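Visitor: Got a minute to walk me through this one? I'd like to start inside and work outwards.

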Amino acid sequence: MVVQSLEGVGSVQSSIDVAANPHSEDNSSPKKRRVSSRLQVKQKPQKELLVRQRVELLDDNEQGPRKKLQANVRGRQTGEVADSEELPKATDSVEKSDRVRVKETLRLFNKHYLYFVQEEEKRAVKAEAQKKASRAAKRGAKNSKKGDLKADTKVAKRPDLKALTKMNDEKEILFPSKRFGSIPGIDVGHQFYSRAEMVAVGFHSHWLNGIDYMGQSYSKGKYSNYTMPLAVAIVISGMYEDDLDNAEEVVYTGQGGHNLTGDKRQFRDQVLERGNLALKNCVEQDVPVRVVRGHDCKSSYCGKIYTYDGLYKVVKYWAEKGISGFTVFKYRLKRLEGQPLLTTNQVQFINGRVPQSISEIRGLVCEDITGGLEDIAIPATNLVDDPPVAPTGYTYCKSIQVAQNVKLPTDATGCNCKGSCVDSKTCECAKLNGSDFPYVHRDGGRLIEAKDVVFECGPKCGCGPSCVNRTSQRGLKYRFEVFRTPMKGWAVRSWDFIPAGAPVCEYVGILRRTEDVDSASENYYIFDIDCLQTMKGLDGRERRSQAVCIPTVNSLERPDDQRSDNVPEYCIDAGSNGNIARFINHSCEPNLFVQCVLSSHHDIKLARVMLFAADNIPPLQELTYDYGYALDSVLGPDGKVKKMFCHCGAAGCRKRLF
């Protein structure tokens, strides 16, 4: 998807007074940015002018400071357009940073994981159908179908482990070879929501064992001077009764001999081999290990969250009789100096920082910006301005409003399913999605992967509101907060954990014709509906999963269809009327992505614009998506290029919004 603006966009602030126009194009790493269609039209006849201007800029730099561009543009981040000499050099490097590669790998893992979750849900539905059929059958023959039923209803293997197998088979593990020290792109404080995520990026290669180590296969080549095995990482998660964790110093119990059922008790002696021997060799060869701590967490499907706490030196080891009377190996580890402060305690008690009532909210300036329209109140806080002010200048609306000259298509026929859609081979809506449902039931509905367009069930479908193929229609389900930032104006964060693929909110405003807002000024909340252009890959747009079937719609056969192939015909204007989406900021490394959704009708030019979680988003992390501006794409009335700082703060920030 693409983000678009009118005359010029402000910086990146998702505030009421300073907002940009959202239409992010992809859900992963920064790719080639596209220009607003309206700006593209203005830009084409001025290519030669821009070239001359760039040459003149070089001459001006030699002669002295250039006069600032005079423009009344307020940006989301800074609220002003800056001269190119003030702007840091924009970065658009082709090579991805390690941080981005880690994020992309985790997103790939989540896609595979959700796919296998869907396969498991299908198996469960089939097993339940067999179970009902068996109950309905006569009870005469004892050996009739009882054996088969037992086999069909047997619990399948874990979806996360299946996802790891697929990634391993397709060579998608980020760092498949083990290494000492830190892993590129994973900083101290990084949170993993499962052991499987650690395996996917190559941080810790065992989904169950606590000690990850290099075996004898590493004794040649690069590590030929070391005696193997050597430990590279350990997980401290309270599985052993003899563990002692004092944060900076740890007494770690070796592996083996304990009860895996969860009571932590030893039932046999440990042996100095494999991981235990590897940690002992770390003492003798002075090799530090990565330490990860696990804590109980309801947000994670595995019930724990794992935090990387840095490198520790194994300073001593010994054997002793444990609490249960069996021999255990103990290892004293000490955290290396010069590393960032420990974050485990912050992670462990992060929910404690979330206000439990209105009275606990610091800097509260509005108890509910929705005025009671949403089922869950959205407070606004301001600890920046003095005196603090609340968001103003708009009217909150919960659903799309339609301009008078815009006519919506008639409702689509829909499917004939009853209750909930379960069979993707017979559901007419599922057939439009490539004969499969785009969502899984888990966590209230999660999108498996970004698609060109998602077809949901609509008002004429036979299914009810609980149908999984209505996931994006259920409104807000997370506790959001609009808060003031020093550099980006208003921003949005969630008090709840948001799993990858979960719907966050719809971009709501007034549905208008694009041509009707071209003359508007200082409105940076225009979101062009460019689903058709994205599906056709026009103007460098990044195409997505194309397993969809586009039905014939009357609006696509209008005389002006050829023109709208290049220019989005409709847009959503959240300038004066909008919902929480208008406050969500841009980021060069976002945690949300834009997804077009069709439900009541099938006109892709009038698709709903939804924001979904691209990552597992912890509580209180700012929500962002990529506005998708191309550098040097915004022109002023005088034909000159407008430029604006980007203050997203991402490690891979491109320095400029446009």
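Visitor: Leaving aside neighbours within four places in sequence, which residues is Ile 580 in contact with?
Guide: This is a predicted model, to begin with. In it, Ile 580 contacts Ile 378, Tyr 396, Leu 476, Phe 480, Val 482, Val 492 and Cys 505.

Visitor: Which residues touch the most other members of the largest nonpolar core?
Guide: Ile 580 is one of them. The others are Phe 480, Val 482, Ile 498, Tyr 507 and Tyr 625. That core has 55 residues.

Visitor: Which elements give two or more residues to this core?
Guide: Seven strands and a helix would be your tally from this list: strands E16 (480–485), E17 (489–494), E18 (503–506), E19 (510–513), E21 (570–573), E24 (592–598) and E25 (608–613), plus helix H10 (531–535).

Visitor: And which gives the most?
Guide: E24, with four residues.

Visitor: What lies apart from that core?
Guide: Another core, of 26 residues. Its members include Ile 211, Ile 234, Val 250 and Val 287.

Visitor: Switching to helices. Which residues of H5 are buried?
Guide: H5 covers residues 159–169. Pro 159, Asp 160, Leu 161, Ala 163, Leu 164 and Met 167 are buried there.

Visitor: Why would residues three or four places apart point the same way?
Guide: An α-helix has 3.6 residues a turn, so residues at that spacing share a direction.

Visitor: What covers the buried residues of H5?
Guide: Helix H3 (98–136) and helix H6 (195–201) are among the elements that do.

Visitor: What follows H5?
Guide: Lys 171, with a positive phi near 55°.

Visitor: Where else is phi positive at a residue that is not a glycine?
Guide: Arg 274 has a phi of about 50°. Arg 274 lies in helix H7, residues 274–285. Lys 655 also has a positive phi, about 75°. Lys 655 sits in the segment after strand E26 (624–625).

Visitor: Is Lys 655 buried or partly exposed?
Guide: Partly exposed. The relative accessible area of Lys 655 is 34%, and buried would need under 20%.

Visitor: Now the peptide bonds. Which residues does a cis bond join, with omega about 5°?
Guide: Met 228 and Pro 229. Pro 229 is in the loop between strand E2 (211–214) and strand E3 (230–236).

Visitor: And with omega about 0°?
Guide: There, a cis bond joins Asp 386 and Pro 387. Pro 387 is in the loop between strand E10 (380–381) and strand E11 (395–396).

Key. Residues numbered from 1 in each chain as written. Predicted model: local features only at pLDDT ≥ 70, side-chain atom pairs only at ≥ 80, totals over all residues. Heavy atoms only, no water. Core = buried A, V, L, I, M, F, W, Y, C linked by side-chain atoms within 4.5 Å. Buried < 20%, exposed > 50% of the residue type's maximum accessible area, 1.4 Å probe, protein only. Contact = heavy atoms within 4.5 Å.
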